[in-house]
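Work through the exercises below with the coordinates open, and try each task before reading its solution.

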Amino acid sequence: EKKQFEMTKTNVEFVNRNAHDLKHYIHKLQRLENPENQELEEVLTQVEAYESAFQTGNTALDIVLTQKKLVCQQEGISFTCMADGTALHFMKTLDIASLFGNALDNAIEHVILIPDPEKRLIHLTVSAQKGFVFIKIESYCEAEISKNEENLITTTKKDSKNHGFGLKSIRKAVEKYDGSVVFGVQQNWFELKILLPRVL
């Protein structure tokens, strides 16, 4: 996970740097050509979508969210986020990467199977509430969810021996900070809720 996070960090920084340069290049072209050029406007809109990296106040969270947002854009998934990353200051970088990376991977994996693109929805919230940090990841869900003997979701993959570690990793990261994890389906929304005691 450490190597994967370092690669993601490098890739996100590379994309942001190039998006930034490309945006300035497009602005120069617009000044030289017709500033109303529709094709340039469309390219600029796409570049700005890549460049608008998250700024939650937590670098590790920003990197994970930016990478997952790019995946969502490629797969036609609507990903919205309201996150106060400063509330996670007490967590280690790799724990943040593991927790949010696995949670969003799981959400993407299930939402991508929904045939109707309008229903491919994921929403993430991170907020400080009194003495706790509340994390909620919601994804639209039409599938039946069943739990196994470890109170984890039964994997739908054929190779079950090498899958189903996402929730285990999430639970492990949460327990490290004396937190709790609950999940279930409410009116076609799969909800993963995490509560962590807030360290000030």
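**Exercise 1: a residue in a strand**

In this predicted model, E191 is buried, because its relative accessible area is 12% and the cut-off for burial is under 20%. Task: establish in which strand E191 has its place, and which residues E191 touches beyond four places away in sequence.

Solution. Begin with the assignment, which places E191 in strand β5. Next, list the contacts of E191, leaving out residues up to four places away in sequence: they are K136, I137, E138, V182, F183, G184 and Q186.

**Exercise 2: the partners of β5**

Task: determine how many bridges join β3 to β5, and how many join β4 to β5.

Solution. Take β3 (residues 132-140) first: nine bridges join this strand to β5 (residues 189-197), and the two run antiparallel; within this pairing, K136 has K193 as its bridge partner. Then turn to β4 (residues 180-186), which is joined to β5 by seven bridges, again in an antiparallel arrangement, with S180 bridged to L195. Finally, inspect the hairpin of β4 and β5, where two residues lie between the strands and Q187 takes a positive phi near 45°.

**Exercise 3: the span and ends of α3**

Task: check whether the end-to-end distance of α3 agrees or disagrees with the expected span, and find which residue caps its N-terminal end.

Solution. Helix α3 (residues 59-74) has 16 residues, so at 1.5 Å a residue it should span 22 Å, and the end C-alpha atoms, 23 Å apart, agree with this. At the N-terminal end the cap is N58, with a side-chain oxygen 3.2 Å from the backbone nitrogen of A60. Just after the helix, G76 takes a positive phi of about 70°.

Terms used. Residues are numbered from 1 along each chain as its sequence is written. This is a predicted model: local features need pLDDT of at least 70, side-chain atom pairs count only at pLDDT 80 or more; totals for chains, interfaces and linings use all residues. Side-chain values use heavy atoms; hydrogens and water are left out. Two strands pair if DSSP finds at least two bridges between them. Helices (H or I, at least four residues) and strands (E, at least two) are DSSP runs, numbered from the N terminus. The expected span of a helix is 1.5 Å times one less than its number of residues. A polar contact is a pair of N or O atoms within 3.5 Å; within protein, one must be able to donate a hydrogen and the other to accept it, and residues adjacent in sequence count only if both atoms are side-chain atoms. Buried means under 20% relative accessible area, exposed over 50%, partly exposed in between (1.4 Å probe, protein chains only). Contact means heavy atoms within 4.5 Å.
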